[in-house]
Amino acid sequence: MSDCIFCKIIAGEIPSEKVYEDEHVLAFLDIAPVNPGHTLVIPKTHSSDFLDTTESSLIVVVKVLPKIAKAIMWAVGADGFNIGVNNGAAAGQIVPHMHFHVIPRLSGDGYKSWGHRKYGEGEALKIAERIRTSVENSRTIN
Ligand code: AMP
Ligand code: ZN
């Protein structure tokens, strides 16, 4: 996609610090890392977000995540890592080319995980029922 910043990185039109590349996947350092070594792993075929990504693109990207995560752990001496996708503006997605963040974590790096809340009486059952119904419906659609 011509106006996509990550497609431009794939095409070599914008510089990046590449750490892995194959026929279908590119991984490069995030320009504004949560921690040093923070890497973005993207399919070379453009898709705007997670739900817009084909199963085959997802598979090729997910397959290389363990290799990249292990390499980052070794390179920066991390104690753990987070893998995540921000999907949609409400979830913090800024760049509309689907990407996985691999974020190395150090014990005591000070970042907190997400906040947690409690379900109200009967709320979990209601929501689970809605999700189950939706999963069933999508099974018949696809
Ligand atoms: P997201 O909020 O999930 O869309 O994340 C987009 C990420 O892309 C952010 O963490 C940015 O720091 C990163 N980013 C934006 N432009 C570049 C670039 N030219 N090279 C490397 N990373 C970038
Ligand atoms: Zn793109």
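Here are some numbered notes on the fold, the core, and the ligand site of this structure.

1. First, a caveat: this is a predicted model. Please keep that in mind for everything below, down to the distances around the ligand.

2. The overall layout is easy to follow. The chain has three helices and five strands, and going from the N terminus the order is α-β-β-β-α-β-β-α. Its C-alpha atoms fill a box of roughly 50 × 40 × 25 Å along the principal axes. Of the 142 residues, 30% are buried. The exposed surface comes to about 9,900 Å², with carbon and sulfur atoms supplying 58% of it.

3. How much of the contact network joins residues at least 24 apart in sequence? Taking the contacts between residues at least 6 apart, 54% join residues at least 24 apart.

4. Now the strands. β1 (residues 18-21) and β2 run antiparallel and are joined by three bridges, with a hairpin of three residues leading from β1 to β2. If you want to find the register on screen, look for Y20 opposite A27 and for K18, whose bridge partner is F28.

5. On to β3 (residues 39-43), which is also antiparallel to β2 and has five bridges to it. One pair to look for here is L29 with T39. So β2 is bridged to β1 and to β3, by the rule that strands pair when at least two bridges are found between them. β2 is mostly covered, too: four of its five residues are buried.

6. The largest nonpolar core has 14 residues. Those with the most contacts inside it are Y20, V25, V41, V64, I68, F100 and V102. The elements giving two or more residues to this core are β2 (25-29), α2 (55-76) and β5 (100-105). The largest share comes from α2, with seven residues. There is also a second, separate core of 10 residues, and C4, F6, L26 and I42 are among its members.

7. V102 is a good residue to click on if you want to see what meets in that largest core, as V102 is one of those with the most contacts inside it. Setting aside neighbours within four places in sequence, V102 touches G37, H38, T39, V41, L65, A69, I72, N82 and I83. V41 is itself on the list of most-connected core residues.

8. Which residues are closest to ligand 1? There are 16 residues around it, and the closest are D30, G92, I94, H99 and H101. Some polar distances are worth checking by eye. A nitrogen atom of ligand 1 is 3.1 Å from a polar backbone atom of I31, and an oxygen atom of the ligand is 2.9 Å from a polar backbone atom of V95. From the side chain of H101, a polar atom lies 2.8 Å from a ligand oxygen. On its own, ligand 1 has 500 Å² of accessible area, and the protein covers 85% of that.

9. H101 deserves its own point. It sits in strand β5. Is H101 buried or exposed? Its relative accessibility is 13%, so it counts as buried, the cut-off being under 20%. Besides its contact with ligand 1, the side chain of H101 makes a polar contact of 3.5 Å with the side chain of H99. Leaving out neighbours within four places in sequence, H101 is in contact with D30, H38, T39, L40, N82, I83, G84 and N86. D30 also appears among the residues closest to the ligand.

10. Last, the C-terminal part of the chain. A124 is in helix α3, which covers residues 123-141. With a relative accessibility of 34%, A124 counts as partly exposed, because that class lies between the 20% and 50% cut-offs. A124 and T45 are 79 residues apart along the chain, and their C-alpha atoms are separated by 38 Å.

How values were computed: Residues numbered from 1 in each chain as written. Chains lettered and ligands numbered in written order. Predicted model: local features only at pLDDT ≥ 70, side-chain atom pairs only at ≥ 80, totals over all residues. Heavy atoms only, no water. Core = buried A, V, L, I, M, F, W, Y, C linked by side-chain atoms within 4.5 Å. Buried < 20%, exposed > 50% of the residue type's maximum accessible area, 1.4 Å probe, protein only. Contact = heavy atoms within 4.5 Å. Near = heavy atom within 4 Å. Polar contact = N/O pair within 3.5 Å; in protein donor to acceptor, adjacent residues only side chain to side chain. Areas by Shrake-Rupley, 256 points an atom, 1.4 Å probe, with all protein chains shown as cover.
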